[in-house]
Amino acid sequence: MAARAECAGAFRPGVHLATNTYELGDATLGKETAHSVDLTLRKSSGNTHFTLGAYHQAFDGYIFAETLDRYEDFRLIRYVARDARFTGVDGEIHHQFSPNLGLAVFGDYVRGKMKDEGGNLPRIPGGRLGARGDFRLAGFSADVEYFRVFEQDRIAAYETSTPGYDMVNATIAYKLELGAQSAELYLRGSNLTNALAFNHTSFIKDASPLRGRNVVFGLRTMF
């Protein structure tokens, strides 16, 4: 058995926290065994194409970090093996309205539970649903994306629910021909509404929210 102490922190304007974890390992844990059923429906021709999927995964001895106790920003964690089940859906549908304009809708959702105890598995992300538009004309291209991550309130012991959030991202780019090489100038904006968003899959979600409004200007090429 091994033990490790960690300290992690992150900064966002108005938020400055730290979280400590003490982790207990278990050298006797065996291998995970999984039985999966996946169903995928895909269309790749024509103006409308899509990929829709559903799956169910049954794990024997699924290994994960279980929180044993928590006091303020201190968390005691032990790695354990439990029989677990994951059931989820995901997909994307894209329609090309014209050679220059396309629109897609996408989403995903997963439910994770322990088989015997029937409790919720920790750090399972909330469902997501969104849309993305793309436009191309000559050397210019642009896309804008919006998605909603829904509240996750199906939580394990010592977890807290994570509120949903809206995310808006956009990119504009121009392709340059440089002799035998090509390059692309781009301007990328992420979280344009500066939403305060938290990642439910993180141990330190409250200490380290997702990045706020961020704009990047760059040049990329392949060689």
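Here are some worked exercises on this predicted model.

**Exercise 1. Work out which strand and helix counts the protein chain has, and whether its overall form is spread out or compact.**

Step 1: Start with the secondary structure. The protein chain has eleven strands and zero helices. Going along the sequence, that reads β-β-β-β-β-β-β-β-β-β-β.

Step 2: Now bring in the radius of gyration. It comes to 22 Å, while the globule rule gives 17 Å for 223 residues, so the protein chain is more spread out than a compact globule.

Step 3: Check the box and the surface. Along the principal axes, the C-alpha atoms fill roughly 60 × 45 × 35 Å. The protein chain exposes about 13700 Å², with carbon and sulfur atoms supplying 58% of that area.

Step 4: Look at burial and contacts. Of the 223 residues, 30% count as buried. Take the contacts between residues at least 6 apart in sequence: 54% of them join residues at least 24 apart.

**Exercise 2. Find the largest nonpolar core and say which element gives the largest share of it.**

Step 1: List the members. This core has eleven residues: Tyr-55, Phe-59, Tyr-62, Phe-64, Val-80, Ala-84, Phe-86, Val-110, Met-114, Leu-121 and Ile-124.

Step 2: Sort them by element. Those giving two or more residues are β4 (48-71), β5 (74-96) and β6 (101-114). The largest share is four residues, and it comes from β4.

Step 3: Zoom in on one member. Leaving out residues up to four places away in sequence, Val-80 touches Leu-29, Tyr-62, Ile-63, Phe-64 and Glu-66.

Step 4: Look for another core. There's a second, separate one of six residues, including Phe-147, Val-149, Met-167 and Ala-197. As background, nonpolar side chains tend to be buried together in soluble globular proteins.

**Exercise 3. Trace how β5, β6 and β7 pair up, and in which sense.**

Step 1: Take β5 and β6. They run antiparallel and are joined by 13 bridges. The connection between β5 and β6 is a hairpin through four residues.

Step 2: Pick out one bridge in that pair. Glu-92 has Phe-106, in β6, as its bridge partner.

Step 3: Move on to β6 and β7. Strand β7 covers residues 128-137, and its pairing with β6 is antiparallel, over eight bridges. One bridge to look up here puts Ala-104 opposite its partner Arg-132 in β7.

**Exercise 4. Follow the salt bridges of Arg-132 and say how exposed each partner is.**

Step 1: Get the total. The whole structure holds nine salt bridges.

Step 2: Take the Glu-92 pair. The side chains of Glu-92 and Arg-132 meet at 3.5 Å, N to O. Glu-92 sits in strand β5 and Arg-132 in strand β7, 40 residues apart, making this a link between distant parts of the chain.

Step 3: Take the Glu-145 pair. Here the closest N and O atoms of Glu-145 and Arg-132 are 3.1 Å apart. Glu-145 belongs to strand β8 (residues 140-149) and Arg-132 to strand β7, so the pair ties together parts that are 13 residues apart in sequence.

Step 4: Compare accessibility with the cut-off. Buried means under 20% relative accessible area, so Glu-145, at 13%, counts as buried. Glu-92 has 31% and counts as partly exposed. Arg-132 is also partly exposed, at 24%.

**Exercise 5. Locate the salt bridge between Asp-143 and Arg-188, then find a salt-bridge network.**

Step 1: Get the distance. The closest N and O atoms of Asp-143 and Arg-188 are 3.9 Å apart.

Step 2: Place the partners. Asp-143 is in strand β8 and Arg-188 in strand β10, 45 residues apart.

Step 3: Check exposure. Asp-143 is partly exposed at 25%, and Arg-188 is partly exposed at 28%.

Step 4: Find the network. Glu-66, Arg-78 and Arg-82 are linked by salt bridges. Glu-66 also turned up among the residues that Val-80 touches.

**Exercise 6. Decide whether Asn-191 is buried or exposed, and list what it touches.**

Step 1: Place the residue. Asn-191 is in the loop between β10 (181-190) and β11 (214-221).

Step 2: Read the accessibility. Asn-191 has 1% relative accessibility, so it counts as buried.

Step 3: List the contacts. Not counting residues up to four places away in sequence, Asn-191 touches Met-167, Val-168, Asn-169, Arg-211, Gly-212 and Arg-213. Met-167 is one of the residues in the second core.

How values were computed
Residues are numbered from 1 along each chain as its sequence is written. This is a predicted model: local features need pLDDT of at least 70, side-chain atom pairs count only at pLDDT 80 or more; totals for chains, interfaces and linings use all residues. Side-chain values use heavy atoms; hydrogens and water are left out. A nonpolar core is a set of buried Ala, Val, Leu, Ile, Met, Phe, Trp, Tyr and Cys residues joined through side-chain atoms within 4.5 Å. Buried means under 20% relative accessible area, exposed over 50%, partly exposed in between (1.4 Å probe, protein chains only). Contact means heavy atoms within 4.5 Å. Two strands pair if DSSP finds at least two bridges between them. The radius of gyration is taken over C-alpha atoms; the globule rule is 2.2 Å times the number of residues to the power 0.38. Accessible areas come from the Shrake-Rupley method with a 1.4 Å probe; for residues, only the protein chains shown count as cover. A salt bridge is a side-chain nitrogen of Lys or Arg within 4 Å of a carboxyl oxygen of Asp or Glu.
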